[in-house]
Amino acid sequence: MTEIDFSKVYDAVVVGSGAAGGMAAHVLTSHGMQVLLLEAGKKMNIEQELRSMEWPYDHPRRGLMPPGHRALSHNEYTVRRPPYAQPNAKSKVYSYIQDDYGADYTKNILVDEREHPYSGTNYAWVRARCLGGKTNIWGRLALRLSDYDFKAKSRDGFGEDWPISYADLEPYYDKVDLYLGISGQKENLPHLPDSLFQRPVALNAAEVRLRHALTSMGRTVTPYRAGVTTDGLKHNKYRSRCYGRGACSRKGGCDIHAAFDSPTGLIYPAMDTGNLTLRPGSVVYEVRMDNATGRASGVSFLDSETMRSYEVRAKAVVLGASTLESARLLLLSKIANSSGHVGHNFCEHIMGPSVTGFVKDLAGRPRTNDDGRPGGFYLPRFRNLTERHLKFIRGYGFEGESGASMFPPNAMSTPGFGAAFKRKVREEAGAFITMGAFGEVLPRYESRVGIDAALKDKWGIPALRFDYRFGDNEKRMAEDMVQSALEMFEAAKIEVTAVDRELLTPGWSIHELGTARMGKDARTSVLNQFQQSHDVKNLFVVDGSSHVSASCQNPTWTIMALCWRSCDYLVERLKRDEL
Amino acid sequence: MRSRREVLKLVAGAAGGRPEGFFSREEFRILDELTETIIPSDEHSPGARAAGVPAYIAAALAESNDAGLKRRWKTGLKRMGRSGLRGQENDPFFKELKERTAFAYYTSKIGIHSEMEYKGNVMRENW
Ligand SMILES: Cc1cc2nc3c(=O)[nH]c(=O)nc-3n(C[C@H](O)[C@H](O)[C@H](O)COP(=O)(O)OP(=O)(O)OC[C@H]3O[C@@H](n4cnc5c(N)ncnc54)[C@H](O)[C@@H]3O)c2cc1C
Ligand code: SF4
């Protein structure tokens, strides 16, 4: 169903079709609600785009983009100020994640920066405008938060506690696990609760070695917790189980959908209920208010091609346009902001510090299939749990992997040339192990986005202006990331071959959070614990903008668990006519 | 699936079907020699020449619209052709040449299968 009935008042209109909007569509339609889902981007033929098993030599440019298309370099983000893509730039310009092998497979999923400008402080803002949003290409690390995160303020005094605790969210994490499938291994860690796991990926030799070495330090190396179904899902006909093909390590998605993406995991099944109307190519620019009741009446949107404007009506408005786009919509609509906190308390993860090491006795061994799995390992947070670190609060974890990938990891770094170079690359390619950290950025009131009225996107909608910088806590944490990584490699007797100490430009983690936080107090928060606006009772914001703090765990599984909980509440209220 | 013809057309050179792309015959000869010197044939597997590395590099440069890049390669090849590679390892052009050679070689059929004996990118029933 793609025809909107403009005479109808839908039970709910959902804006955005990524992790958040997709989950809202699923939960609401499963309760029999009549839902309209508006997505700014197009529905793409994703299998045709991704071609997960195509060999590089069967691609005319070995996976690189054709002339006339280019990605912003790391340098451009670091040195230049937004807007990055100047309007007269000749080529189509994409975010940094396209600056690599495999870029041609995902270029159409990401926005052309020239059409989506923004201003202010440096920020590497990765946006996917198509059905499913960023879930088409996400890295699938699927982690839970714990009360170390939800109650962080009670532990160290910074910011605010979340208005919920782990016990409130646990049943919803369980629902997400069972409905979408997640692979992992039980570890019984209080700070990284286990999911209801399907079969875990196997750690390879170097990873097992690191795991053993760290046990005595009280640290854990666990198989990558992947939002991937390794055993299959009987209730979903659109997704296959994982066949360990290894395309996961190429930038791009899984064309058999073993890895979760919102269209096959949530939206197509929601369409099958008969309760969902989906309209791609619909750029929402305003939440409409009924001034008599103080309730939202619906939304206005532009057809992305014809630029024609439409208005639709609904009993509830559910924003899931992604953290920063939902904040932009609230600010543009000038609603739900009696607290003055919309756009503020913006946070994410720092990224950059990483180490690479060499495990000598693995060199020269016969080749094995090391990357035929959806991920390597995860090393959960260990700072500020039982002891206080003197230099910073909160924590960080590492993502890593080892073994022979399709492109030898040492091909560019091995010195020299000729027969010796060739042999060295061949013999050592499987013996490297690398890991990089993700750390919590504190949510500060002064970290914010606002509207830049003078700068407009291709559709004439005012753009965002960033006012966001890392603070001392982040910088000190980054130093500790390097220190601790070196210390752990040493403990595992892994020879360190490369160290990266530099903190990447803000935004690099692609985990933007905050800007419309939940809270008990309507004076200092935008939403209540059900992601419902304190000011506008039938308005819900179900994406990462509601997060009170970033924690250091990747956010997507939490976004979906929270959204499920809120949508259950929304339906219950709507049925009782209490919205 | 992308047609093999499309791949061949591109590699065969956007410029008039010559394998050397936008290079002169002499420049292409130097490129061919230098890339084979960087990754030579050995008892384990064939090298850059057999893997079609020079043709791939020439085709990529031919279709590029970066005039500076093209100039750099023409003058760079001329210079390296005279000096040889030994002792040039800190030269920026050497780095560029080596990177492109490695990229093209390790993404080729010979590089992936014969040289690296890569085992992945297969459907695994059990893993
Ligand atoms: C390369 C990459 C790797 C990642 N790795 C991980 C990982 O390992 N683990 C993890 O947890 N997370 C990861 N993430 C982050 C993850 O993708 C996001 O957390 C998740 O997709 C957020 O869901 P969302 O629905 O809020 O936003 P999105 O997925 O971005 O979806 C938002 C949707 O809303 C639409 N939209 C925006 N504005 C409007 C409008 N005005 N009108 C209508 N529609 C609109 C967009 O087009 C988009 O489709 C990664 C992201 C990327 C890009
Ligand atoms: S490894 Fe599994 S999840 Fe990853 S691309 Fe392959 S089949 Fe999909």
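## Helix H4 of chain B: two faces

Start with the outward side of H4(B) in this predicted model: the face turned away from the buried side carries the exposed residues B:Arg71, B:Thr75, B:Lys78 and B:Arg82. On the buried side you'll find B:Leu69, B:Trp73, B:Gly76, B:Leu77 and B:Met80. These buried residues sit on the same side of H4(B) because they cover an arc of only 105° around the axis. Their cover includes three other helices of chain B, namely H2 (25-38), H3 (53-63) and H5 (92-106).

## Length and ends of H4

H4(B) runs over residues 67-83, which makes 17 residues. From first C-alpha to last, the helix reaches 24 Å, close to the 24 Å expected at 1.5 Å a residue.

What happens at the two ends? At the N-terminal end, B:Asp66 acts as a cap, with a side-chain oxygen 3.1 Å from the backbone nitrogen of B:Gly68. After the helix comes B:Gly84, and its phi is positive, near 75°.

## Where chain B meets chain A

Now for the interface. Chain B puts 47 residues into the contact, and chain A puts in 51. Between them the two chains bury about 4,600 Å², with 58% of that on carbon and sulfur atoms.

On the polar side, the rule finds 23 residue pairs in polar contact across the interface of chain B and chain A, both partners at pLDDT 80 or more. As for which parts of chain B are involved, H1 (4-11), H2, H3, H5 and H6 (109-115) each supply at least two residues of the side that touches chain A. H5(B) gives the largest share of that side, with eight residues.

The salt bridges between chain B and chain A number six. One that links the side chains of A:Arg426 and B:Asp42 comes in at 3.6 Å, N to O.

## A closer look at B:Asn121

Past H6 of chain B, in the segment that follows, is B:Asn121. Is this residue buried or exposed? B:Asn121 has a relative accessible area of 5%, so it counts as buried, the cut-off being under 20%.

Which residues does B:Asn121 contact, leaving aside its neighbours within four places in sequence? The list is A:Ser52, A:Met53, A:Trp55, A:Arg245 and A:Met406. With A:Met53 there is a polar atom pair to look at: the backbone oxygen of A:Met53 lies 3.1 Å from a polar atom of the B:Asn121 side chain.

Conventions. Residues are numbered from 1 along each chain as its sequence is written. Chains are lettered from A and ligands numbered from 1 in the order in which they are written. This is a predicted model: local features need pLDDT of at least 70, side-chain atom pairs count only at pLDDT 80 or more; totals for chains, interfaces and linings use all residues. Side-chain values use heavy atoms; hydrogens and water are left out. Helices (H or I, at least four residues) and strands (E, at least two) are DSSP runs, numbered from the N terminus. The expected span of a helix is 1.5 Å times one less than its number of residues. Buried means under 20% relative accessible area, exposed over 50%, partly exposed in between (1.4 Å probe, protein chains only). The arc is that of the directions from the helix axis to the C-beta atoms. Contact means heavy atoms within 4.5 Å. A polar contact is a pair of N or O atoms within 3.5 Å; within protein, one must be able to donate a hydrogen and the other to accept it, and residues adjacent in sequence count only if both atoms are side-chain atoms. Buried area is the accessible area (1.4 Å probe) that two parts lose on being put together, summed over both. A salt bridge is a side-chain nitrogen of Lys or Arg within 4 Å of a carboxyl oxygen of Asp or Glu.
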